[in-house]
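Colleague: Please give me a close look at one part of this model, the charged side chains and their pairing. Set the scene briefly, then go pair by pair.

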Amino acid sequence: MAPKVLMVAEKPSIALSIATVLSSGRMSTRRGSTDIHEFDGKFFCVDFPAQYRDWTVTDPLDLFQAPTLKMEANPKAHIRRHLSQEARGL
């Protein structure tokens, strides 16, 4: 089961903007004293460095000691940049 994450934004417009971008517009909103935007998504993935990706020459046992890289699941979406800009109020 994927972990649940609570993201809090000071301004409702920022919360809506972040939720819209992260969910590609596929979210639900619960209205109350403040709006709650809910969505599922995969924003980061874990992979091995290039020298471990050729399965014809990599010993599977080496993968237990291999380093991993955390990357954006969809680099074209520029999620990191968007969140950074939103956090600065740009």
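**Charge pairs in their setting**

Modeller: Start with burial: 17% of the 90 residues of the protein count as buried. Keep in mind that this is a predicted model. The secondary structure consists of two helices and four strands. Their order along the sequence is α-β-β-β-β-α. The protein is more spread out than a compact globule, because its radius of gyration is 18 Å, well over the 12 Å that the globule rule gives for 90 residues. The C-alpha trace spans about 55 × 30 × 20 Å along its principal axes. Contacts tell you about the sequence range. Take those with a separation of 6 or more: 32% of them join residues 24 or more positions apart. The exposed surface comes to about 7,500 Å². Carbon and sulfur atoms supply 55% of that area.

Now the charges. There are 12 positive and 10 negative side chains. The centres of these two sets lie 8 Å apart. Side chains of opposite charge can pair when their charged atoms come close. How many salt bridges does the count give? It gives three.

Take R31 and D35. They form a salt bridge, with the closest N and O atoms 2.7 Å apart. R31 counts as exposed because its relative accessibility is 65%, and the cut-off for exposed is over 50%. D35 has a relative accessible area of 33%, so it is partly exposed. The two partners therefore fall into separate accessibility classes, R31 exposed and D35 partly exposed.

Next, R30 and E38. Here too a salt bridge forms, and the closest N and O atoms are 3.3 Å apart. R30 lies at the end of strand β1, which covers residues 28–30. The relative accessible area of R30 is 46%, so this arginine is partly exposed. E38 comes to 36% relative accessibility and so is also partly exposed.

Then D47 and R53. Their closest N and O atoms are 3.5 Å apart, and the pair is a salt bridge. D47 closes strand β3, residues 44–47. At 28% relative accessibility, D47 is partly exposed because buried would require under 20%. R53 is partly exposed as well, at 38%.

At the other end of β3 sits F44. It is worth a look for its neighbours. Leaving aside residues up to four places away in sequence, F44 touches K70, M71, E72, A73 and R80. Charged residues are among them, including K70, E72 and R80. F44 and M71 are 27 residues apart in sequence, yet their C-alpha atoms are 5.4 Å apart in space. F44 itself is partly exposed, since its relative accessibility is 36%.

One backbone detail sits upstream of the R30 pair. S24 is in the loop between α1 (12–23) and β1 (28–30). Its phi is positive, about 55°, although S24 is not a glycine. S24 has a relative accessible area of 53%, so it is exposed.

To sum up the pairs: the closest N and O atoms are 2.7 Å apart in R31 and D35, 3.3 Å in R30 and E38, and 3.5 Å in D47 and R53.

Note on methods. Residues are numbered from 1 along each chain as its sequence is written. This is a predicted model: local features need pLDDT of at least 70, side-chain atom pairs count only at pLDDT 80 or more; totals for chains, interfaces and linings use all residues. Side-chain values use heavy atoms; hydrogens and water are left out. The radius of gyration is taken over C-alpha atoms; the globule rule is 2.2 Å times the number of residues to the power 0.38. Buried means under 20% relative accessible area, exposed over 50%, partly exposed in between (1.4 Å probe, protein chains only). Contact means heavy atoms within 4.5 Å. Accessible areas come from the Shrake-Rupley method with a 1.4 Å probe; for residues, only the protein chains shown count as cover. The place of a charge is taken as NZ of Lys, CZ of Arg, CG of Asp or CD of Glu. A salt bridge is a side-chain nitrogen of Lys or Arg within 4 Å of a carboxyl oxygen of Asp or Glu.
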